[in-house]
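Colleague: Could you take me through one helix pairing in this model, up close? I'd also like to hear which parts of the prediction to leave alone.

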Amino acid sequence: MPITSNHDHQSSGDDELESLIRRDYERCHPGDTFDDLKRRAAFSKEDRGLLRDWMAIAAAYRKKLRG
């Protein structure tokens, strides 16, 4: 039986959340991609905050869709 880590579950959860907001982020930030934001968030406090805010929006949207 394969063993999966919490990181694997987190990644699939993040993928689901990202799919909810990716298009909106890129529409609101022309010339930027969500993947670019994720890369910058690794070393930029401002981008980490922006990514956190967008992921919170995605979580709220998912909750509304499931609610």
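Modeller: Let's start with the part to leave alone. This is a predicted model, and over residues 1-9 the pLDDT stays under 50, with one contact beyond four places in sequence for that stretch. Where pLDDT is low, the predicted coordinates shouldn't be read in detail. The chain as a whole averages a pLDDT of 87, and 84% of the residues score at least 70. Helix H1 (residues 6-28) has the lowest mean pLDDT among the elements of the chain, 81, while H2 has the highest, 97.

So on to H2 and its partner. Helix H2 covers residues 34-41 and helix H3 residues 45-66; their axes come within 8 Å and cross at roughly 130°. That angle makes H2 oblique to H3, since it falls short of the over-145 range that counts as roughly antiparallel. The crossing of H2 past H3 is left-handed.

As for who touches whom, H2 brings Phe 34, Leu 37, Lys 38, Arg 40 and Ala 41, and on the H3 side they meet Asp 47, Arg 48, Leu 50, Leu 51, Trp 54 and Met 55. Sorted by type, the residues of this contact come out as seven nonpolar, four charged and no polar.

One of the charged ones deserves a pause: Asp 47, which sits in H3. Its relative accessibility is 14%, so Asp 47 counts as buried, the cut-off being under 20%. Leaving aside neighbours within four places in sequence, Asp 47 is in contact with Leu 37, Arg 40 and Ala 41.

Conventions: Residues numbered from 1 in each chain as written. Predicted model: local features only at pLDDT ≥ 70, side-chain atom pairs only at ≥ 80, totals over all residues. Heavy atoms only, no water. Axes fitted to C-alpha atoms, helices over the stretch in contact; angles between N-to-C directions. Helix = DSSP H or I, 4+ residues; strand = E, 2+ residues; numbered from the N terminus. Parallel < 35°, antiparallel > 145°, perpendicular 65-115°, else oblique. Left-handed = near helix turned anticlockwise from the far one by under 90°. Contact = heavy atoms within 4.5 Å. Nonpolar A, V, L, I, M, F, W, Y, C, P; charged D, E, K, R; others polar. Buried < 20%, exposed > 50% of the residue type's maximum accessible area, 1.4 Å probe, protein only. pLDDT = per-residue confidence, 0-100.
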